[in-house]
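Colleague: Got a minute to go through this model with me? I'd like to talk helix packing, then pockets.

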Amino acid sequence: MNSESATVLNGSLAATAVHHICQQLHGVYQKQFDQSVRLGVLCIGDNPASIVYVGRKKSLATQLGFEFFDLSFPQDTPSDTVMVGLKQLLSKVNGMLVQLPIIPASDAKIYLTAIPWDKDVDGLNPYITGPMTPCTPLGCWLLLQYYGINVKGRHCVIVGRSHLVGRPLAKILLDHHATVTIAHSHTPDLPSVTRQADILFVATGARHLITPAYVQGHTIVVDVGIHRTDQGLTGDVHPDVYACVHSYSPVPGGVGPMTVAALMWNTLKAAFLQHDVALSDEYLGRCLATAEPFVLQNK
Ligand code: NDP
């Protein structure tokens with residue numbers, strides 16, 4: 001057990017480094033193409049968490065100098081009406097996302113598939129894998145890069161197999177040569193699986209599921225879960241785990257800020273791509289790991 005020496009993987013700090021790079025790149029974009037980057041968000045209904053998340057995206061996008069378009073409809077709006085507004089906005093923006101959850105989920109699929117691959121900044125089109133990596137898994141990986149944690153050859157265990165987090169995260173880790181195990185609600189004896197992890201990612205929506213019995217002293221823990229309680233935000237990992245591991249991402253201040261930072265990066269990536277300039281996640285990761293300034297490379 002590692003107790004007091006555990007390193008906090010501070011997502012607020014790492015996100016600030018990503019914001020800084022995005023802000024510089026946005027300056028280059030404005031100079032080169034004489035326009036600002038434009039991001040649109042489709043929001044349906046009045047889910048309080050969604051309103052908070054859209055507010056955060058708007059605030060950060062505006063801080064970076066992007067133009068932000070919030071396309072909101074009441075819960076019972078017919079999908080045809082939403083589609084008209086969505087198509088109009090799509091013609092104006094570089095990047096577009098659908099704020100989930102949308103009820104019914106079948107409508108979410110209709111809107112997600114209407115976003116062209118080169119504007120799909122959440123990377124969530126269920127039929128087309130485009131160049132933008134889904135934001136939460138990308139944020140997890142960038143957080144590790146910022147702390148110089150290389151996943152190559154490490155055993156990464158992901159608890160949760162959603163299309164939003166677990167599955168795309170597995171792809172990123174495999175692409176970077178990790179050995180990946182995905183566990184879920186049907187996995188027997190979960191602690192015996194998670195204890196094998198060098199790096200444990202938890203994205204279950206089960207509050208405080210991971211207790212000290214699920215980890216070892218060398219484990220690096222990345223907590224994706226978010227739960228709102230009367231005492232504030234908390235995650236899928238019980239705070240007692242923090243004293244027992246090598247390092248951990250806290251909630252709040254871990255993966256959450258990295259997700260929004262990854263969205264800004266993806267929006268820039270989309271905008272540059274529309275001018276035939278390709279930005280690479282790997283290069284961003286290397287810059288974060290080495291604290292080298294990001295330099296736009298001509299292809
Ligand atoms: P989903 O509900 O879509 O998926 C949850 C996954 O966890 C499923 O694969 C499920 O298994 C598995 N699971 C649930 N309970 C258990 C359990 N007791 N033991 C093992 N596996 C379990 O959730 P999401 O992936 O969308 O989100 C997961 C969490 O991450 C939530 O708390 C969400 O709020 C948070 N989140 C945070 C973000 C951020 O920016 N920080 C962004 C997105 C999500 P099965 O497939 O068998 O049902």
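Modeller: Sure. It is a predicted model. Start with helix 2 and helix 8: their crossing is right-handed.

Colleague: Which residues meet there, helix 2 against helix 8?

Modeller: From helix 2, Arg56, Lys57, Leu60 and Ala61. They meet Val260, Ala261, Leu263 and Met264 of helix 8. By type, this contact has six nonpolar residues, two charged and no polar.

Colleague: And at what angle do the axes of helix 2 and helix 8 cross?

Modeller: Roughly 50 degrees, with the axes coming within 10 Å. So helix 2 is oblique to helix 8.

Colleague: Pockets now. What volume does the largest pocket have?

Modeller: About 1100 Å³. Its lining takes in 45 residues. Nearest the centre are Tyr53, Thr136, Leu164, Ile226 and Thr259.

Colleague: Which helix gives the most to that lining?

Modeller: Helix 2, with eight residues. Helix 1, strand 4, helix 5 and helix 8 each supply at least two.

Colleague: How do the lining residues divide, nonpolar, polar and charged?

Modeller: 25 nonpolar, 15 polar and five charged.

Colleague: How much space lies in the second largest pocket?

Modeller: About 740 Å³. It is lined by 28 residues, and Gly123, Leu124, Pro134, His163 and Pro168 are the closest to its centre.

Colleague: Which helix gives the most there, in the second largest pocket?

Modeller: Helix 6, residues 166–175, with five residues in the lining. Helix 5 and helix 9 each supply at least two. The lining of this second largest pocket divides into 14 nonpolar, eight polar and six charged residues.

Key:
Residues are numbered from 1 along each chain as its sequence is written. This is a predicted model: local features need pLDDT of at least 70, side-chain atom pairs count only at pLDDT 80 or more; totals for chains, interfaces and linings use all residues. Side-chain values use heavy atoms; hydrogens and water are left out. Axes are lines fitted to C-alpha atoms, for helices over the stretch in contact, and angles run from 0 to 180 degrees between N-to-C directions. Helices (H or I, at least four residues) and strands (E, at least two) are DSSP runs, numbered from the N terminus. Angles under 35 degrees count as roughly parallel, over 145 as roughly antiparallel, 65 to 115 as roughly perpendicular and the rest as oblique. A crossing is left-handed if the near helix is turned anticlockwise from the far one by less than a right angle, and right-handed if clockwise. Contact means heavy atoms within 4.5 Å. Ala, Val, Leu, Ile, Met, Phe, Trp, Tyr, Cys and Pro count as nonpolar, Asp, Glu, Lys and Arg as charged, and the others, Gly among them, as polar. On a 1 Å grid over the protein atoms alone, a cavity is a set of points where a 1.4 Å probe fits but cannot get out, and a pocket is an open set with protein on both sides within 12 Å along at least five of seven lines; lining residues have an atom within 4 Å of a point. Grid points are joined across faces, edges and corners, and a volume is the space filled by probe spheres set on the points.
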